Amino acid sequence: MPDRPGAPTRAWQRMLSGRRLDLLDPSPLDVEISDIAHGLARVARWNGQTRGDHAFSVAQHSLLVEAIFALQNPAATAQARLTALLHDGAEYVIGDMISPFKAAVGGGYKAVEERLQNAIHVRFSLPVRADRLKATIKKADLVAAYFEATELAGFSIEEAKKFFGQPRGLDAATLDLEPKPAGDVQRAFLERFEALHAMTDGAR
């Protein structure tokens, strides 16, 4: 809903937890996992252009990426796996913008996304600057994108190979690619977060 004409520009969003999150200068203290899970479970991947009765949400994508990351990196710590689960965490606020549109919008979007993502990492004691881990998670992200593209979003194999690369050692039949209701995915995301977060706490 647009702000009232003449009113001060609003740069925050009210969350269902009651938090008021400043989008331009987000505080880790205003980041709540309940808000993240609720939002990501209701944000559609691929602009909703996927097969099935339900959208394939960013929360379900995040669960998929974490599972692929764990398969590719069996010695990964709980902290690394939690980082993979939250790799698209900022999208609970700004939504999932498809790559072609991100490129058209340019740096402003990326700056807001990075600040939000950094606040999430600080909130849950995850590394803010970890380029090697980020690159490893990106590999799992591209594998997930390939299978989502070919199984759900109507891409041909050749198109998907061109944009996301050819996955090796994984098969779509072994992955959970069935779009699910938002409430089910929200609960699954929260359960996975709690399990990993508990292991992370135990390691400290």
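By helix I mean a DSSP run of H or I with at least four residues, numbered from the N terminus, and in that numbering Ser125 sits in the loop between helix H6, residues 107–123, and H7. Please keep in mind throughout that what we are looking at is a predicted model.

Let me stay with Ser125 for a moment, since its backbone deserves a remark. Most residues other than glycine have a negative phi. Ser125, although it is not a glycine, has a positive phi of about 55°, and with a relative accessible area of 38% its side is neither fully covered nor fully open, so that we call Ser125 partly exposed.

There is another residue of this kind, Trp46, whose phi is near 60°, again a positive value in a residue other than glycine. Trp46 belongs to the loop between helix H1, residues 33–40, and H2. Is Trp46 buried or exposed? Its relative accessibility is 15%, and because the cut-off for buried is under 20%, Trp46 counts as buried.

Now to the packing of the helices, where I would like to begin with H2, which spans residues 58–72, and H7, which spans residues 131–151. Their axes come within 8 Å and cross at roughly 120°, and the crossing in which H2 passes H7 is right-handed. On the H2 side the contact is made by His61, Leu64, Val65, Ile68, Phe69 and Gln72, while H7 contributes a set of residues including Leu133, Ile137, Ala140, Val143, Ala144 and Glu148. Sorted by class, the residues of this contact of H2 with H7 come out as nine nonpolar, three polar and three charged.

H2 also packs against H3, and here the axes come within 8 Å and cross at roughly 145°, once more with H2 passing H3 in a right-handed crossing. Which residues meet in this second contact? From H2 they are Ser62, Leu63, Val65, Glu66, Phe69 and Ala70, and from H3 they are Ala80, Arg81, Ala84 and Leu85. The classes here are seven nonpolar residues, one polar and two charged. If you compare the lists, you will find Val65 and Phe69 of H2 named in the contact with H7 and named again in the contact with H3.

Finally, H3 itself, residues 78–85, is mostly covered, in that six of its eight residues are buried. Those buried residues are Ala78, Ala80, Leu82, Thr83, Ala84 and Leu85, and of these Ala80, Ala84 and Leu85 are among the residues that meet H2.

Key: Residues are numbered from 1 along each chain as its sequence is written. This is a predicted model: local features need pLDDT of at least 70, side-chain atom pairs count only at pLDDT 80 or more; totals for chains, interfaces and linings use all residues. Side-chain values use heavy atoms; hydrogens and water are left out. Buried means under 20% relative accessible area, exposed over 50%, partly exposed in between (1.4 Å probe, protein chains only). Helices (H or I, at least four residues) and strands (E, at least two) are DSSP runs, numbered from the N terminus. Axes are lines fitted to C-alpha atoms, for helices over the stretch in contact, and angles run from 0 to 180 degrees between N-to-C directions. A crossing is left-handed if the near helix is turned anticlockwise from the far one by less than a right angle, and right-handed if clockwise. Contact means heavy atoms within 4.5 Å. Ala, Val, Leu, Ile, Met, Phe, Trp, Tyr, Cys and Pro count as nonpolar, Asp, Glu, Lys and Arg as charged, and the others, Gly among them, as polar.
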